[in-house]
Amino acid sequence: MATGEITDEGVARLRDRIGVPQLYPAPPHYRRPGEDAFRQVARSYGDDNPLWSDPEYAVCTRWKSSIAPPALVGGDSLIGEDRLNEAELESQADLKGDPLRGVHAFYAASEREWWAPLTEGHRIFRRTALVGVVDRPSEFGGRGIQEWTAQAFQTADGGLLGAQYRMMYRTERKKARERKKYDAVTVEPWDEQGLDDLDAQYALEAPRGAEPRWWEDVAVGDSVTTLVKGPLTVTDMVCWHVGMGMGMYDVAPLRLAYRNRQRIPRFYHRDELGIPDVMQRVHWDPAFARKSGNPTTFDYGRMRETWLIHACTDWMGDDAWLWRLRVEFRKFNYVGDVQWVEGEVTRCYLAEGGRPAVDLDLRARNQRGEVTSPATATVLLPSREHGAVRLPDPPGGAATLESAFAATIDRFAKDR
């Protein structure tokens, strides 16, 4: 029976699933993503880089064709058909149900890496497994659990694309409401001068594009070009869903909603008119957001993750390669809030195999001066001395999806 509470028994049952490959709960939003998918994903988070959206431009770059924006390679249910062997498929019955059913889940952190570009028309496979269950007390809702899931991705012709870790933070809804941590948060209306200032910032923004950012020209302390994102509107989230799909719960309308409701009935709660609707509406229904302990509706952590990716790719230019990104989501980003995505270079060095690399400290900061999402990234840059960027190797020198995924799981255990 669902209690909405984090119990020792539920945590133990969850830990029994660590390392067991699982079918992902939603099919991929894009089965064979092409130029249209690349463009729609980039547009969903406000990215107008022609490398993703203009084939005539992209053919003149080092990549020789349009490539997917990094946000597309991964991103939960965006891409990847499950690839499990017969024994793994037979074990799926043991993974049904949520041992912490009724306990709220917030997307709280992500670690991603990219090994190769995705070009159009590929069929893509993925492997998914729970890799960590960590007890971590929560200021927001009493006891908390970090639930870490790993995924790896490969094209049907054998090209390994990348991997990610996703952390869902589980908190008890009732305790979150009782603590009322965010009751004091207010979002003030924007006046004309404030909006004019934001418009002036938007007018200055553009991707670096074809102009190389040479490794030799970068120094510790250099600023990453600031991007502004906001004021956040529900329309922004609608546009984000157009490109990104509806996520792991496979939210859908009308007859498809009926079928989804039969599949996961507890994800649906009745609204004020008595109509079953998804719990995901905390992002667009203020009354329902307040039931989760928040003063109003708020964004997705994955949105800010795409904004941090956007800041990296705008800054680094088309000849560079975003290798790694790690981001935490420490505060909510409410409708009406603005986020400034900013950062600095913290290290310039030769990474594995003599690859010229830089590390970045990044953050999303709101109009109240709060850092809502601290992040770090590693970018490979072209070099006058060392030449063009050489793409990173998958972990452990893996050549198959299964070996890359095994190495991803092993690395998580070693790092923690």
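Hi everyone. Let me start with R126, which is buried, with a relative accessible area of 1%. Please keep in mind that this is a predicted model.

So what does R126 pair with? The side chain of R126 meets that of D82 in a salt bridge, 3.1 Å from N to O. D82 sits in strand 1 and R126 in strand 3, so this contact ties together parts that are 44 residues apart in sequence. The two ends of the pair also differ in cover: D82 is partly exposed at 26% relative accessible area, whereas R126 is buried.

Next, have a look at E81. It is in strand 1, which covers residues 81-82. Which residue does E81 meet in a salt bridge? The partner is R123, with 3.0 Å from N to O. R123 belongs to the loop between strand 2 (104-114) and strand 3 (124-135), and the pair links distant parts of the chain, 42 residues apart. E81 counts as buried because its relative accessible area of 16% falls under the 20% cut-off. R123, at 34% relative accessibility, counts as partly exposed.

Now for a pair that spans a longer piece of sequence. R411 forms a salt bridge with E113, and their closest N and O atoms are 2.3 Å apart. Where are these two residues? R411 is in helix 12 (residues 401-415) and E113 is in strand 2, so the bridge ties together parts that are 298 residues apart in sequence. R411 is partly exposed, with 22% relative accessible area, while E113 is buried at 7%.

Some salt bridges share partners, too. One network formed in that way joins D76, R112, R166, R302 and E305. If you have the structure open, those five names are worth selecting together.

How many salt bridges are there by this rule? The count comes to 29. As a general reminder, side chains of opposite charge can pair when their charged atoms come close.

Let me finish with charges that are not in such pairs. On the surface there is a patch of negative charge where D191, E192, D196, D197 and D199 gather. Because patches are made of residues with no salt bridge, these five residues stand apart from the pairs I have been describing. And where does D191 lie? You will find D191 in the loop between helix 6 (173-179) and helix 7 (192-204).

That is my tour for today. Thanks for listening, and I am happy to take questions.

Definitions and conventions
Residues numbered from 1 in each chain as written. Predicted model: local features only at pLDDT ≥ 70, side-chain atom pairs only at ≥ 80, totals over all residues. Heavy atoms only, no water. Salt bridge = Lys/Arg side-chain N within 4 Å of Asp/Glu carboxyl O. Helix = DSSP H or I, 4+ residues; strand = E, 2+ residues; numbered from the N terminus. Buried < 20%, exposed > 50% of the residue type's maximum accessible area, 1.4 Å probe, protein only. Patch = residues over 30% accessible without salt bridge, like charges linked within 9 Å, V, L, I, M, F, W, Y side chains within 5 Å. Areas by Shrake-Rupley, 256 points an atom, 1.4 Å probe, with all protein chains shown as cover. Lys, Arg positive; Asp, Glu negative; His and termini not counted. Charge placed at Lys NZ, Arg CZ, Asp CG, Glu CD.
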